[in-house]
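Subject: Structure handover

Hello,

Here is the structure for you to take over. My notes on what was found in it follow below.

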Amino acid sequence: MIRRIENLNELHNSLGYPSPKHPMVTILDLSNITIPIDLVNIKTIYNFYNISLKTKVSEAKMIYGRDFYDFQDGTMLFSAPEQVSSISSEVRLGEMEGWSLFFHSDLIQGYPLQNEIKQYQFFSYTAYEALHISDEEKKIISSIFKKIRNEYSLNIDVYSQDILVANISLLLNYCNRFYNRQFITRKSVHKNVLSEFENLLLDYFNSNQSSTMGLPTITYFSNKLNLSANYLSDL
């Protein structure tokens, strides 16, 4: 069974959250979120982008595609429309803390971000590829979340959408910076992955597979390493 969440009203209702204040963007306070038992292990497709910051993590595991997401306190996850996710156990009130931003692609239509968002490859990262941020970085991300929430909570005027999109673009730029920092600071974590990649590359050519299959693709190696193609490429 696959469940589809098409709009923010459906999202809020499914989580027992008050009605959204804006039709195309919302930020959820995760300390007020509950996941009832009847939604556990239900594959769900959301019709919008999601950026979440977890500052306290419950025992429940988030699953994107076929794999568990690499969660710790102070991690971020990103998903794009039409991606499949589920959660492995119920979440009670107060078991999580942090913020979760959802926005519809219509919000950024006609803005440069509509095309730029395709460049942020972390929207298609999968297992074990979460963004781990420092306390100072948490403050920066949290402040932008709060700016977005404050803006859509005001009366909507001709400037509202411009300001909302500008802040989402700012948020994504910071996340891109922090991910690039992570590739540098977590070299020890990635060392084994890169060593295995080099071994796979050598085996591929030494076994003469290149003469029958041609040059290997990034997808070939990402499947072998259980990583998304975009994450391995960026790494």
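Strand 7 is mostly covered, with 5 of its 5 residues buried; buried means under 20% relative accessible area, exposed over 50% and partly exposed in between, with a 1.4 Å probe and protein chains only. Helices (H or I, at least four residues) and strands (E, at least two) are DSSP runs, numbered from the N terminus. The model is predicted, so local features need pLDDT of at least 70 and side-chain atom pairs count only at pLDDT 80 or more, while totals for chains, interfaces and linings use all residues. Residues are numbered from 1 along each chain as its sequence is written, and side-chain values use heavy atoms, with hydrogens and water left out.

Strand 7 is covered on both faces: Thr75, Leu77 and Ser79 are buried on one side, and Met76 and Phe78 on the other. Thr75 belongs to this strand, which spans residues 75–79, and has a relative accessible area of 0%. Strand 7 runs antiparallel to strand 10, and 2 bridges join them; two strands pair if DSSP finds at least two bridges between them. The bridge partner of Thr75 in strand 10 is His132. Thr75 and Ser134 are 59 residues apart along the chain, and their C-alpha atoms are separated by 9.0 Å.

The chain as a whole

The chain has 8 helices and 10 strands. Of its 235 residues, 45% are buried. Among contacts in the chain with a separation of 6 or more, 75% are between residues 24 or more positions apart; contact means heavy atoms within 4.5 Å. The accessible surface comes to about 12,300 Å², and carbon and sulfur atoms hold 50% of that; these areas come from the Shrake-Rupley method with a 1.4 Å probe, and for residues only the protein chains shown count as cover.

Helix 3 and its salt bridges

Helix 3 covers residues 135–153, which is 19 residues. From its first C-alpha to its last it reaches 27 Å, close to the 27 Å expected at 1.5 Å a residue; the expected span is 1.5 Å times one less than the number of residues. Its buried residues include Ile141, Ile144, Phe145 and Ile148, and Glu137 and Lys138 are also in that list.

What does Asp135 form a salt bridge with? The partner is Lys138, and the closest N and O atoms are 3.3 Å apart; a salt bridge is a side-chain nitrogen of Lys or Arg within 4 Å of a carboxyl oxygen of Asp or Glu. Asp135 and Lys138 are 3 residues apart in helix 3, which means about one helical turn separates them. An α-helix has 3.6 residues a turn, so residues three or four places apart point the same way. Asp135 is exposed at a relative accessible area of 55%, whereas Lys138 is buried at 18% relative accessibility.

Glu137 forms a salt bridge with Arg181, with the closest N and O atoms 2.7 Å apart. Glu137 lies in helix 3 and Arg181 in helix 4 (residues 160–185), so this pair ties together parts that are 44 residues apart in sequence. Glu137 is buried, with a relative accessible area of 10%, and Arg181 is partly exposed at 24% relative accessibility.

The count of salt bridges comes to 5. Arg4, Glu6 and Glu82 are joined into one network by salt bridges that share partners. In the bridge between Glu6 and Arg4, the N to O distance is 2.8 Å. Glu6 is partly exposed at 35% relative accessibility, and Arg4 is partly exposed at 36%.

Strand 1

Arg4 is also part of strand 1 (residues 2–5), where Ile2 and Arg4 make up the uncovered face and Arg3 and Ile5 the covered one. Strand 1 pairs with strand 3 (residues 43–46) in the parallel sense over 4 bridges. Ile45 in strand 3 is the bridge partner of Arg4.

Aromatic pairs

The whole structure holds 17 aromatic pairs. Rings of Phe, Tyr and Trp (its six-membered ring) pair if their centres lie within 6.5 Å; planes under 30 degrees apart count as stacked, over 60 as edge-to-face and the rest as tilted. One of the pairs is Tyr49 with Phe123, which is edge-to-face at 5.2 Å centre to centre and 70 degrees between the planes. Tyr49 is in strand 4 (residues 49–56) and Phe123 in the loop between helix 2 (113–116) and strand 10 (131–132), 74 residues apart. Tyr49 is buried at a relative accessible area of 13%, and Phe123 is buried at 4%. Both belong to one aromatic cluster with Phe78, Phe103, Tyr120, Phe122 and Tyr179.

Regards
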